[in-house]
Every structure is written in C-alpha cells, then in structure tokens.
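Let's take a walk through this fold, one piece at a time. Have the sequence and the model open side by side, and follow along.

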Amino acid sequence: MAIPLGVRRQPLPENQDEWRRRRFQDRFLQQLDVEIAGDVLDVGCMDGRFTARFAERARSVVGLDIVPHTIWERLRGPNLRFVVGDAQRLPFADAAFDVVLAVAMLHHTASPISVIREMARVRRPGGTLVMVEPNRLNPVTWLHLTLFSDHDHFRTKPFIRLVDRVLPIQRFHRFEAHLWPPGDGPLLRALERMDDALGGTRWWRPFALWNVVLA
Ligand SMILES: C[S@@+](CC[C@H](N)C(=O)[O-])C[C@H]1O[C@@H](n2cnc3c(N)ncnc32)[C@H](O)[C@@H]1O
C-alpha cells in the first residue's frame, strides 16, 4: 500500500532531536567501551546531557564546566549535580573520583596539560582517566569544525604524547561515530552503517573521528 507523503513508516518520538542525540550517545558509549561506575567526574560537561547518561550507570556523577547551563537545573537529580569551575584548577579534593572523563574538551583549554594533571590528582588510586578527543584528520569534522568553526583539534600522535607526559597510558583506541543530522530514516541508518564499516577498516583508522586514551 502506498504511504501518503508526510506520513512516516515509524512513529517519531516526541522530540526527534533528543531521540537522535540519545541514539548517538548509545553508539558512542558502546564504542567507548569503558565501565562508568562509582563516583564519576565529567570535566567540560557543557549542557550536561552526556553527563546525565553517565548518571544512569554510576553511583554519583558531577559535571563541571567553566560555563553554566540553565538546563543543568532540569537534569540534576539524586546522584547528579553540576559545578561551575575551571578544569585547570579543579575544585575537588585529591582522589575524590573513580572515573574522570573529559570528552572533546581538552582542545578547548589554554593548558590541556594542566587539565590532565588535575584530572590525575582527583582520581582515586586504581581509578580511570578517560580522555576523548576528536581527530583533526577526520574529514567530516575537519570540514565543518576546523575549516568553518575554527576548532583546533589534536592530531592523534600529539594527543597521545600530551597524555604520556603526565602519566602512563593504559589503552588507546579509536572509533567512528557522528551525530548525523538526518532524522530517523534510511539515510541516518545508512550513515551509521558507514560509520560502523569505516570504524572497522584498517586503512581508515588514521582518519577515524574519536581518539580515546585511558590512563
Ligand atoms: C565541546 S564541549 C564538551 C562537550 C561535552 N563534554 C559533551 O560530551 O557533550 C567543550 C566544553 O569545555 C568547556 N571548557 C573549556 N575550557 C574549560 C575549562 N578551563 N574548564 C572547564 N570547562 C571548560 C567549554 O565551556 C565547553 O562546554
């Protein structure tokens, strides 16, 4: 039976942007492949929507950003709070967190090395630092972020060397995942399949979007 124009095959969630964001976050978290548990700090949390996903898994989560966001008020809950502060001087005691994450934030700071030192200071012995940075060589983000939005993403090796100056690296991996613009239709699924295929392809690795360093 022909489907009339304007009628979708799948019911759309109320807020399509939110649905698409959650889908991206799920794919991102799956490939990040890190246990988010215990007391967690999300450094440079921006609007906190990723931080809120960490709070679905962890005992307690703190999101910190130098810029406050009004949406924090709506997101905060029994195990999730937000703090305004400078990641280069974290307002927390030593060894306060089990997992300390910085997702796409180091390249925004004047002194990324100070941020990494601070992240290491507030991590408990045996805890994990998770640093995720966009790869400057990824063609998609290079076009719209480097060329048109003045982002200065790290290349892979300088990023690894930067962390290595502060503390030993436990694991490095990379993966492909984009918050693609098209809604919930076949184009989105085709682009996600392309991400998955490229992410598993050896020759593509130097161009994959996300570089992950665990320390
Ligand atoms: C691309 S956003 C991070 C996105 C967020 N982690 C996420 O995954 O949704 C970079 C963030 O770093 C924050 N930032 C930049 N310099 C900072 C600093 N010195 N201390 C804390 N946050 C900082 C910015 O305000 C911005 O919200």
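Start where two helices touch. On the H4 side, the contact is made by Pro112, Ile113, Ile116, Arg117 and Ala120, and these meet Leu162, Val163, Arg165 and Val166 in H6. Sort those residues by class and you get seven nonpolar, no polar and two charged. Keep in mind that we're looking at a predicted model here.

How do H4 and H6 sit against one another? H4 covers residues 112–122 and H6 covers residues 156–166; their axes are 9 Å apart and meet at an angle of about 50°. An angle between 35 and 65 degrees counts as oblique, so that's the word for how H4 lies on H6. As for handedness, H4 and H6 make a right-handed crossing.

Now over to the sheet. It's an open one built from seven strands, and if you read across it the order goes E3-E2-E1-E4-E5-E7-E6, with mixed pairing. At the edges you'll find E3 (80–84) and E6 (171–175), each of which has a pairing partner on one side only. Going from one strand to the next, the twist averages 15°.

What makes the pairing mixed? Follow the strands from E4 to E6 and you'll see both senses turn up. E4 (residues 97–103) runs parallel to E5 (residues 123–134), and six bridges link the pair. To find your place in that pairing, look for Val100, whose bridge partner in E5 is Leu129. E5 also pairs with E7 (residues 210–214), but in the antiparallel sense, over five bridges. Here Val132 is a handy marker, with Val212 as its bridge partner in E7. Carry on to the edge strand and the antiparallel sense continues: E6 and E7 are joined by five bridges. In this pairing Arg171 stands opposite Leu214 of E7. Whichever the sense, parallel or antiparallel, strands of a sheet pair through backbone hydrogen bonds.

Last stop, the ligand. Which residues come nearest to it? There are 15 residues around the ligand, and the nearest are Gly44, Met46, Ile66, Ala87 and Val103. Broken down by class, the shell has nine nonpolar, four polar and two charged residues. One of those nearest residues, Val103, also belongs to E4, which spans residues 97–103, and that brings us back to the sheet.

How values were computed
Residues numbered from 1 in each chain as written. Predicted model: local features only at pLDDT ≥ 70, side-chain atom pairs only at ≥ 80, totals over all residues. Axes fitted to C-alpha atoms, helices over the stretch in contact; angles between N-to-C directions. Helix = DSSP H or I, 4+ residues; strand = E, 2+ residues; numbered from the N terminus. Parallel < 35°, antiparallel > 145°, perpendicular 65-115°, else oblique. Left-handed = near helix turned anticlockwise from the far one by under 90°. Contact = placed C-beta atoms within 7 Å. Nonpolar A, V, L, I, M, F, W, Y, C, P; charged D, E, K, R; others polar. Pairing = 2+ DSSP bridges. Near = placed C-beta within 6 Å.
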